Amino acid sequence: MGVIPTLVKLLGIHCHNAALTEMCLVAFGNLAELESSKEQFASTNIAEELVKLFKKQIEHDKREMIFEVLAPLAENDAIKLQLVEAGLVECLLEIVQQKVDSNKEDDVAELKTASDLMVLLLLGDESMQKLFEGGKGSVFQRVLSWIPSNNHQLQLAGALAIANFARNDGNCIHMVDNGIVEKLMDLLDRHVEDGNVTVQHAALSALRNLAIPVVNKAKMLSAGVTETVLKFLKSEMPPVQFKLLGTLRMLIDAQEAAEQLGKNAKLVERLVEWCEAKDHAGVMGESNRLLSALIRHSKSKDVIKTIVQSGGIKHLVTMATSEHVIMQNEALVALALIAALELGPAEKDLASAQLVQILHRLLADERSAPEIKYNSMVLICALMGSESLYKEVQDLAFLDVVSKLRSHENKSVAQQASLTEQRLTVES
């Protein structure tokens, strides 16, 4: 019925009437919860009106009322940008500056609300890029100064803000070149013993995002990021474990780094333990992917030995049955490297994890993706180097399944099927 634009106009005309203003805010607070109403708010000048009103308020209670409307509205990306353009960020930064040293309950609450809202504004791509201003923006610089502060809430907001700025390669590269990694590592160092879990999680999220561009990986490795991150191996908090694993996985594309980490028995043992974290699918998935990545990127016998000794083989075999094709494929490639480089030591574990039966199932299943079929056949050929595993292959009539794949529509699969058939025929 068009109530929203009417109310916004009223607020603009009667902004000096405290009772009416308050009534408008209560109504906005209730309306703003609906998704459809956010879109309607975005086509009014609500952002401008609220920021204007906010600047005039001195009392904590009045400002809190405005915050309660701003928070749900700022979930809408168009309104995020309007709020940034209306100058809300400057108001928020001012509040932070005024309240940072206060212990009064109201001030602590307002500092949290202001810094949380600041992070929320950075979740929109356009509003984030506008505030980044090529890394020269005064807002970006102010947020940077939160990270070394002694206030946990500001450290948290600062790290979350960096994680949000680090959503595209250009920003990530600029920030790494300008020393953000060292600031985040210092922050993490302050939270190793009995640290604040939310700060740990936020700082690790930021590092993980920063490690995505290829050019940043080597810089971050030489800055000592892996050493800092490994200090949190003992964490019992799944969100911290999840980000720690993600950060390491982003960093180990280089052979040297993968080899160094893959020979770290403490890390590998912890990964194997987390591969069984049934209650935390994210941690379980990331641990499996990191185990596989250590083998794929290092191609090292020592790394494989470490993983065999820690009991990691069975997890890689289970990962080959994942519902995610990308994880299945990563597992099969890692297993093929194990079979090619260190089949002897891994033989028993591969057999007891029923690898051969699983490969038969993957090849016989019409729903398996072409790359899964291809890598399963590569792996079958590699397993022929083991007498006991080869006996299992013979017992399972692989020839029937493989010869059917010779006419597969995917050329690589068809070629690999011909090669595998030849190997199976010659060997038998």
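Visitor: Is Phe 140 buried or exposed?
Guide: Good place to start, and keep in mind that this is a predicted model. Buried means under 20% relative accessible area. Phe 140 has a relative accessible area of 3%, so the word for Phe 140 is buried.

Visitor: Which kind of aromatic pair do Phe 132 and Phe 140 form?
Guide: A pair of aromatic rings is described by the distance of the centres and the angle of the planes. For Phe 132 and Phe 140, the centres are 4.8 Å apart and the planes meet at 65°. Planes over 60 degrees apart count as edge-to-face, so the pair of Phe 132 and Phe 140 is edge-to-face.

Visitor: What is the pair of Phe 132 and Phe 165 called?
Guide: Here the ring centres lie 5.4 Å apart, with 45° between the planes. That angle is neither under 30 degrees nor over 60. The pair of Phe 132 and Phe 165 is therefore tilted.

Visitor: How many residues apart in sequence are the parts that this pair ties together?
Guide: Phe 132 belongs to helix α9 (residues 125-132). Phe 165 belongs to helix α11 (residues 152-165). The pair therefore links parts whose separation in sequence is 33 residues.

Visitor: What is the relative accessible area of Phe 165?
Guide: Phe 165 forms one aromatic cluster with Phe 132 and Phe 140. Phe 132 counts as buried at 2%. Phe 165 is buried too, and its relative accessible area is 0%.

Visitor: Which helix gives the most to the largest nonpolar core?
Guide: In soluble globular proteins, nonpolar side chains tend to be buried together. The largest nonpolar core here has 149 residues, and Leu 184 is one of those with the most contacts inside it. With nine residues, the helix that gives the most to this core is α23 (residues 325-341).

Visitor: In which helix is Glu 110 found?
Guide: Glu 110 counts as buried, at 3% relative accessibility. Setting aside neighbours within four places in sequence, Glu 110 is in contact with residues including His 60, Arg 63 and Lys 99. Glu 110 sits in residues 105-121, which is helix α8.

Visitor: What is the phi of Ala 397, about?
Guide: Most residues other than glycine have a negative phi. Ala 397 lies in the loop between α27 (387-395) and α28 (398-404), and is partly exposed, with a relative accessible area of 40%. Although Ala 397 is not a glycine, its phi is positive, at about 50°.

Key
Residues numbered from 1 in each chain as written. Predicted model: local features only at pLDDT ≥ 70, side-chain atom pairs only at ≥ 80, totals over all residues. Heavy atoms only, no water. Phe/Tyr/Trp six-rings, centres within 6.5 Å; stacked < 30°, edge-to-face > 60°. Buried < 20%, exposed > 50% of the residue type's maximum accessible area, 1.4 Å probe, protein only. Helix = DSSP H or I, 4+ residues; strand = E, 2+ residues; numbered from the N terminus. Core = buried A, V, L, I, M, F, W, Y, C linked by side-chain atoms within 4.5 Å. Contact = heavy atoms within 4.5 Å.
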